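Visitor: I should like to be guided through the structure shown below. Please explain each term as it arises.

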Amino acid sequence: MNATRVDWLREAERIGRRLDLLGAISEGEGTVNRPPFTRSLGRAMEETARWMEEAGLRPAIDAFGNLRGWGVRKTQMPVLLIGSHLDTVPGGGRFDGALGILLGISAAEILQDRAGSLPFALDILAFQEEEGARFRSGCLGSRAFLGLLEEKDWNLEDSSGISLREARDAFSIQGWPRMEPDPREKLFGYCEAHIEQGPRLEALGVPLGVALGIVAQERLLLSFLGEGGHAGCVPMSARRDALCAAASFVGFVEEASRREPEAVATVGELRCLPGALNVIPKRVDLSVDLRHPEEAALDRLSQALLERAEEIGRDRGIEVGWRRTQRLPPVRSDPDWQDRLSSVITAIQGEAPRLWSGAGHDAGVFGRLVPMVMLFVRCRGGISHDPAELVSPPDIARALEALVGFVEGFLR
């Protein structure tokens, strides 16, 4: 399949040690929590930049705060980007995002002696704020890289009222070289390796798969405003309990999503105010995450939820407000690149399952503009966004072999 002689398992074990080191870099002990524009994220970038240098790449920061390892290039040569993200959700795992970056760095090092024969420069990217956990809008780093951020994005605020612009401006990059993409730079395409974040590869008994694409996604924030009061003195018939209204809505979210095949819906955040044992809740704020491979189906589900929220408000005398913080259409992987990666994977494991990604990825941002493909890697139990995330060294080895083989397929 490829002309490169590599001890894949040994390389995988080195990647595993690096993952362990990154996993220990967090905002708190005993968990993995690296929000964007924080000290922990900066430390993780410093370690990653050091590994980039060892691989023959030139690490630099862009104006947003993304880390880029620049590979060997000739004048006006197009660029193949291999990337993922270094930020995590609170209480996340070691492999989500970081594995794809480290696989890319190792691939670049393995191919270093042959980089001049490639029809593109090979750069590695480590993005910030892919998860959207801090500013409730995902893939901000990759969108910034491509110049797609709008003013409303810069004004997004975290739970402490800090805006995205303020967080970016306060992020220390002193002593780091800054290197912006050349306006004339042509992108050859984007490739991302990532844990599957689901159980399908494990059920199929194979370590690797190819993403057909990334499903459509919508994120909503809703508020239910009622009337507070003493828990022991206000009769049930006279109450305008915001939490009871919100609870009725949450039940409908599950019910409606089950009626729409392939849809998933999650209420992941709920805040009850004032939040006292003996006080009737006056206000409840909650989030809804909706996903589906087909945009029309996502539209139907979203509309049904908002109509039901308004109906609950009218019936209970509750004021309902909502806003959409993110809407991403489905994005398909490039068909030719799917075939190329599938061929490499088939040579490694005998077959190459093609799966939709229910999770959002930076690849989805690039896939609207340039050829894109994703390599899925089996994770134990399909567990993700949890400390129990695990990818075995043999599976990491196969993923690295597939990534290198995919890039080698473009050799002249």
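**Cysteines, spaces and a buried helix**

Guide: The count of disulfides comes to 0, a disulfide being a pair of cysteine sulfur atoms within 2.5 Å. This is a predicted model, in which local features need pLDDT of at least 70, side-chain atom pairs count only at pLDDT 80 or more, and totals for chains, interfaces and linings use all residues. Residues are numbered from 1 along each chain as its sequence is written, and side-chain values use heavy atoms, with hydrogens and water left out.

Visitor: Why does Cys139 form no bond with the closest cysteine sulfur?

Guide: Cys139 is buried, with a relative accessible area of 4%; buried means under 20% relative accessible area, exposed over 50% and partly exposed in between, with a 1.4 Å probe and protein chains only. The closest cysteine sulfur belongs to Cys191, and it is too far for a bond because the separation is 16 Å.

Visitor: How far is the sulfur of Cys379 from the closest cysteine sulfur?

Guide: Cys379 also counts as buried, at 0% relative accessibility. Its closest cysteine sulfur is in Cys191, too far for a bond, at 18 Å.

Visitor: Which strand gives the largest share of the lining of the largest pocket?

Guide: On a 1 Å grid over the protein atoms alone, a pocket is an open set of points with protein on both sides within 12 Å along at least five of seven lines, a cavity is a set where a 1.4 Å probe fits but cannot get out, and lining residues have an atom within 4 Å of a point. The largest pocket is lined by 43 residues, with Gln217, Arg219, Asp289, Arg291 and His385 nearest its centre. Strands S7 (216–225), S9 (264–266), S12 (283–292), S13 (319–328) and S15 (354–357) each supply at least two lining residues; helices (H or I, at least four residues) and strands (E, at least two) are DSSP runs, numbered from the N terminus. The largest share, 5 residues, comes from S12.

Visitor: What is the volume of the second largest pocket?

Guide: Its lining has 22 residues, of which Arg136, Leu221, Arg271, Asp285 and Arg323 lie nearest the centre. The elements that give two or more residues to this lining are S7, strand S10 (270–273), S12 and S13. A volume is the space filled by probe spheres set on grid points, which are joined across faces, edges and corners; for this pocket it is about 470 Å³.

Visitor: How many charged residues are in the lining of the largest cavity?

Guide: There are 3 cavities of 30 Å³ or more, and the largest cavity holds about 110 Å³. Among its lining residues are Ala55, Leu57, Val72, Leu111 and Phe120. Ala, Val, Leu, Ile, Met, Phe, Trp, Tyr, Cys and Pro count as nonpolar, Asp, Glu, Lys and Arg as charged, and the others, Gly among them, as polar. By class, the lining has 9 nonpolar residues, 3 polar and, of charged residues, none.

Visitor: How many residues of H3 are buried?

Guide: The end C-alpha atoms of helix H3 (residues 98–110) are 18 Å apart, which agrees with the expected span, taken as 1.5 Å times one less than the number of residues. The buried residues of H3 pack against elements including helix H1 (8–23), strand S4 (121–127) and helix H12 (393–408), contact meaning heavy atoms within 4.5 Å. H3 is largely enclosed by the rest of the structure, because its buried residues number 12 of the 13.
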